[in-house]
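The following exercises concern a ligand site and one strand. Each task is followed by a worked solution.

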Amino acid sequence: MRIDIITVLPQLLESPFQHSILKRAIEKGLAEVNLINLRDYSTHKQKSVDDYAFGGGAGMVMGIEPIANCINALKSQRTYDEVIYTSPDGELLNQKMSNHLSTLNNIIILCGHYKGVDERVREHLITKEISIGDYVLSGGELAAAVICDSIIRIIPGAISDETSALTDSFQDNLLAPPVYTRPAEFNGWKVPDVLLSGHTKNIEEWRHEQSLERTKQRRPDILE
Ligand code: SAH
């Protein structure tokens, strides 16, 4: 899949794609991420992309012109499945949404800044608005990184042991069971016997029970 991220701070988004699972997925050609500097589409001498809000009040607003120029330039090259705006009042990101987005071919993610973008951008150019939580960030870049990470890691082939992503929390509406590694005992704190038993069926059953128990205790809201 191809993800085009429109931002005024492309440098802020370089590192998240240069490590670990995302780096490997990009190297394998499973995902392509392009950082597009919105300032390149500004018609101002100073390359500014924001202006004072009509009606007054504190905070600058990102204008529609550079954003429209940028999105239209991208759209003239290929068809996009979604043009996403990161916004605290958008639909809350969850695993189901990430699973769906990971099946798309081409998406744009627009990162806001300052007070946000001119409302006409949202009305006419954006097809989907996503929030990563009920708090306000300084800009959409970290939200875009979170969205991309959650999408790219589940593209088949991105994680070497493919079943691993499917047993993570929220797949199947369950939280993940506890995990342990060596040593089998530390400070007298022991790993549950069943995990050392080598009995695959019992281990699977134990993990499922633990998932269920943990979900009931911590997130009864996601249990169907
Ligand atoms: N004035 C806006 C907040 C602007 S914050 C309001 O009160 O709703 C600046 C930018 O950061 C936003 O345009 C958006 O792109 C991004 N952003 C902030 N919080 C976010 C969140 N929880 N999820 C996704 N993007 C967010």
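**Exercise 1.** Determine how many residues surround the ligand in this predicted model, and which polar atoms they place beside the ligand.

*Solution.* Begin with the shell: 20 residues surround the ligand, and Tyr85, Thr86, Gly112, Tyr135 and Leu137 are the closest. Next, examine the polar atoms. The side chain of tyrosine 85 has an N or O atom 2.8 Å from a ligand oxygen. Threonine 86 contributes through its backbone, with an N or O atom 2.6 Å from an oxygen atom of the ligand. At leucine 137, a backbone N or O atom is 3.0 Å from a ligand nitrogen. Then consider the cover: the ligand taken alone exposes 560 Å², of which the protein buries 84%.

**Exercise 2.** Assign the shell around the ligand to elements and to residue classes.

*Solution.* Two or more residues each come from β5 (82–92) and β7 (128–131). The largest share, four residues, belongs to β5. By class, the shell comprises nine nonpolar, 10 polar and one charged residues.

**Exercise 3.** Describe the burial of strand β1 (residues 2–7) and its pairing with β2 and β6.

*Solution.* First, burial: six of the six residues of β1 are buried. In a regular strand, side chains alternate between the two faces of the sheet. Here Arg2, Asp4 and Ile6 point one way, whereas Ile3, Ile5 and Thr7 point the other way. Second, pairing: β1 runs parallel to β2 (residues 32–37), joined by six bridges, with threonine 7 opposite asparagine 37. The connection from β1 to β2 passes through helix α1 (residues 20–27) as a right-handed β-α-β crossover. Finally, five bridges join β1 to the parallel strand β6 (residues 106–110), where isoleucine 108 stands opposite aspartate 4.

Conventions: Residues are numbered from 1 along each chain as its sequence is written. This is a predicted model: local features need pLDDT of at least 70, side-chain atom pairs count only at pLDDT 80 or more; totals for chains, interfaces and linings use all residues. Side-chain values use heavy atoms; hydrogens and water are left out. A residue is near a molecule or strand if one of its heavy atoms lies within 4 Å of it. A polar contact is a pair of N or O atoms within 3.5 Å; within protein, one must be able to donate a hydrogen and the other to accept it, and residues adjacent in sequence count only if both atoms are side-chain atoms. Accessible areas come from the Shrake-Rupley method with a 1.4 Å probe; for residues, only the protein chains shown count as cover. Ala, Val, Leu, Ile, Met, Phe, Trp, Tyr, Cys and Pro count as nonpolar, Asp, Glu, Lys and Arg as charged, and the others, Gly among them, as polar. Buried means under 20% relative accessible area, exposed over 50%, partly exposed in between (1.4 Å probe, protein chains only). Two strands pair if DSSP finds at least two bridges between them. A crossover is right-handed if, with the strands pointing away from the viewer, the path from the first strand over the helix to the second runs clockwise.
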